[in-house]
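Open the model in your viewer and keep the selection panel at hand. The tour has two stops: a helix pair, then a cavity.

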Amino acid sequence: MKEIGGKVAVVTGASKGLGAYIAETLFDHGLKVVVAARSASELEALTKRLDKQGQRTLAVTADVTKEADRTRLLDAARERFGQVDILVNNAGTDHPQAFIDVDLDEARRMFDLNVMGTLALTQAVLPEMMARGSGHIVNIASVAGLAPTPFGSVYAATKHAVVGFSESLRWELEGTGVSTSVVCPYFVREAGLYHDNTAGGESKVPTSSPQEVADAVVKAITGDKARVVVSPFIVKLGPLGRAISPEIIFRAGRTNGSFDAMKGMADRLREDEARATRAKTSGNGADAGKPVKKTRPKSSAKA
């Protein structure tokens, strides 16, 4: 088992949701933690709650889709703590909806954040890790990247990409002292994208807790795991069933409620967007009849 106490970790998408749980759990394991997101106030609140003296935390406002922000984030981490030992690529977004309704510009933005942000920040931190001969990168994907469901086609595509990237890079780095892991959560209650998209509503589908996801990140690092799936046991069988036949997953999804849950989220978001459109166009009638741009994808973990 790797010893991680005293190491320096950078966690993106850390202002709230799963990122905040991951940052706190790493801090509790004795790490120095650099948290990054676009919300300065939420980052500052997190670091003050974790570390009143500010000795083992650093908040950096950054958008990981921007090269200048990525450079500034890593430079700030190195200036404060000397190096980056662990990178947790958690920043991401989703937007459950029928694919026929997908705005392709929004799809590109989702790929930019979920995929390209992860690739770019990983590439930026690899040289120092490889030169040092040590380091670990954890990418937060999703069970949707292993066994996709309907009404999440673009999100599933991005998470398939993250899984494939993580596992390919792991074998590429073999023997360098640097490793990668991918953590794949299922529906997570209390915090994260599923929680936000359901407005915290009750669901009949099995869920995992955000603390289980955070603990999985620690397990991935200390145990040098290639992949950790965070889900009830029965869901862990999904990727195996899909490898045998996708039809197994389709049947299981129809019976265990996951397909209905995804449709429910898509319907809810569509209704929210329709209400927002009506409110915008009914204010004074001046905009009536004009096309209204779709709202941006909902996210609990942008950075």
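This is a predicted model. Select helix H1, residues 17-28, and helix H2, residues 40-50. Their axes come within 11 Å and cross at roughly 25°. Angles under 35 degrees count as roughly parallel, so H1 and H2 are roughly parallel to each other. Now look along the crossing: H1 passes H2 in a right-handed sense.

Next, show side chains where the two helices touch. On H1, pick Ala20, Ala23, Glu24 and Phe27. On H2, pick Leu46, Arg49 and Leu50. Colour this contact by residue class. What does the division into nonpolar, polar and charged look like? The contact of H1 with H2 has 5 nonpolar residues, no polar ones and 2 charged.

Leave the helix pair and turn to empty space. How many cavities of 30 Å³ or more are there? The count comes to 2. Go to the second largest cavity, with a volume of about 30 Å³.

Select its lining: Thr12, Val64, Asn89, Ala91, Leu113, Gly117, Thr118 and Leu121. Which element gives the largest share of this lining? Highlight helix H4, residues 104-132: 4 of the lining residues of the second largest cavity come from H4. Recolour by class once more. The lining of the second largest cavity splits into 4 nonpolar and 4 polar residues, with no charged ones. For contrast, go back to the contact of H1 with H2, where 2 residues are charged and none polar.

Notes. Residues are numbered from 1 along each chain as its sequence is written. This is a predicted model: local features need pLDDT of at least 70, side-chain atom pairs count only at pLDDT 80 or more; totals for chains, interfaces and linings use all residues. Side-chain values use heavy atoms; hydrogens and water are left out. On a 1 Å grid over the protein atoms alone, a cavity is a set of points where a 1.4 Å probe fits but cannot get out, and a pocket is an open set with protein on both sides within 12 Å along at least five of seven lines; lining residues have an atom within 4 Å of a point. Grid points are joined across faces, edges and corners, and a volume is the space filled by probe spheres set on the points. Ala, Val, Leu, Ile, Met, Phe, Trp, Tyr, Cys and Pro count as nonpolar, Asp, Glu, Lys and Arg as charged, and the others, Gly among them, as polar. Axes are lines fitted to C-alpha atoms, for helices over the stretch in contact, and angles run from 0 to 180 degrees between N-to-C directions. Angles under 35 degrees count as roughly parallel, over 145 as roughly antiparallel, 65 to 115 as roughly perpendicular and the rest as oblique. A crossing is left-handed if the near helix is turned anticlockwise from the far one by less than a right angle, and right-handed if clockwise. Contact means heavy atoms within 4.5 Å.
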